[in-house]
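Hi everyone, thanks for coming. I'll walk you through one protein chain today, going from the whole thing down to single residues. Have a look at the picture first.

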Amino acid sequence: MAYYRPYTPPADPLIVRDLTNLQNDMRARVRLEPLAAEPTLIAGCDSSFPTPETILSVFILMRFPSLEIVEKVYATSVVQLPYIPGLLSFREAPNVLLAYEKLQQKPDIIMVDGHGIAHPRRMGIAAHLGVLLDKPTFGVAKQKLTGTFVEPGLTKGSISPLLDKNGELLGEVIRSKDKINPLFVSPGHRCDQATATRLTLACLRGYKLPEPTRLADHWAEEFKKEVR
């Protein structure tokens, strides 16, 4: 996800309280488990903010493992919630759901540009969407949000664990291309770490980002031209 973080006054503490409670309730519904079957359709999901008041969300549906594009859709809407650290998924999710509904075929699993459980309250955008849709999801993020790790080896495919302060596994840090900054991959819902890591590696085609989220990001830039 391309995060727009303008200066905003402190959020209403009642809104923060209510959304935090809702987030904790959603966290209790997260299930980390292997897929029941190998996916045949995988979707990439990305959101960005063309203006401070507008969000654009994209889904790219692809066949797996060929990664042939089947559909690409987007939705835009007015942002209803200010930027609140740790609660960004509530800002993005309503518009992401609008984009998802435009898909004629539904994916077996969704790769989200953002975090899954590698979040201070274990509820990044990938986990949030997974619970709302009750679909398998996982997150592939470009930057760490929480946790500690040892830098993986410099060659493609090198992996190290992302751990919380108690040593609990939050995700894996993956070198997706030689000598470039790694990715932070974590399960969202109805997916486990092994699946998230395996599918991320299987979707690499010579770029830093795996194809589903790379192309979601690419098409977000194209779709922005239509909404400006």
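Okay, let's start with what's inside: buried residues make up 51% of the 228 residues in the chain. Buried here means under 20% relative accessible area, exposed means over 50%, and partly exposed is in between, with a 1.4 Å probe and protein chains only.

Before I go on, a word on where this comes from. This is a predicted model, so local features need pLDDT of at least 70 and side-chain atom pairs count only at pLDDT 80 or more, while totals for chains, interfaces and linings use all residues. Residues are numbered from 1 along each chain as its sequence is written, and side-chain values use heavy atoms, with hydrogens and water left out.

Now the overall build. The chain has five helices and eight strands, and if you read along the sequence you get α-β-β-β-α-β-α-β-β-β-β-α-α. Helices (H or I, at least four residues) and strands (E, at least two) are DSSP runs, numbered from the N terminus.

How does the radius of gyration agree with that of a compact globule? For 228 residues, a compact globule would come out near 17 Å, and the chain has 17 Å, so the two agree. That radius is taken over C-alpha atoms, and the globule rule is 2.2 Å times the number of residues to the power 0.38. Along the principal axes, the C-alpha atoms fill a box of roughly 45 × 45 × 35 Å.

What about contacts? Take pairs in contact that are at least 6 apart in sequence: 66% of those contacts join residues at least 24 apart. Contact means heavy atoms within 4.5 Å.

On to the spot that the record flags. UniProt, in an unreviewed entry, places the feature "binding site" at Asp-46 and Asp-113. They span 68 residues in sequence, yet their C-alpha atoms are no more than 5.3 Å apart, so they gather at one spot. A caution on the annotation: UniProt positions are given in the numbering used here, feature names are shortened, and annotations may be inferred rather than shown by experiment.

Are those two buried or exposed? Asp-46 is in strand E1, residues 41–51, and it counts as buried at 1% relative accessibility. Asp-113 is in strand E4, residues 109–113, and is buried too, with a relative accessible area of 3%.

Next, helix H4, residues 193–202. Its buried residues are Gln-193, Thr-195, Ala-196, Thr-197, Leu-199 and Thr-200. What covers them? The cover includes E4 again, plus strand E5 (137–141), strand E6 (159–163), strand E7 (169–174) and strand E8 (183–189).

Let's zoom in on two buried residues. Leu-61 sits in strand E2, residues 54–63, with a relative accessible area of 0%. Leaving aside neighbours within four places in sequence, Leu-61 is in contact with residues including Leu-41, Ile-42, Ile-69, Val-70 and Leu-103. Gln-105 is another of its contacts; those two are 44 residues apart in sequence but 8.2 Å apart in space, C-alpha to C-alpha.

The other one is Ala-126, in helix H3, residues 125–133, also buried, at 0% relative accessibility. Not counting residues up to four places away in sequence, Ala-126 touches Val-112, His-115, Gly-116, Thr-137, Phe-138, Gly-139 and Gly-188.

Now for some backbone details. Where is the cis proline? The peptide bond from Phe-64 to Pro-65 is cis, with omega near 15 degrees, and Pro-65 is in the loop between E2 and strand E3 (69–78).

Then there are positive phi values in residues that aren't glycine. Lys-179 has a phi of about 60 degrees; it lies in the loop between E7 and E8 and counts as exposed at 69% relative accessibility. Arg-190 has a phi near 55 degrees, sits in the loop between E8 and H4, and is partly exposed at 25%.

Last stop: Glu-226, in helix H5, residues 211–227. Glu-226 is exposed, with a relative accessible area of 54%. How far is it from Lys-179? Their C-alpha atoms are separated by 36 Å, and the two are 47 residues apart along the chain.

That's my tour, thanks for listening!
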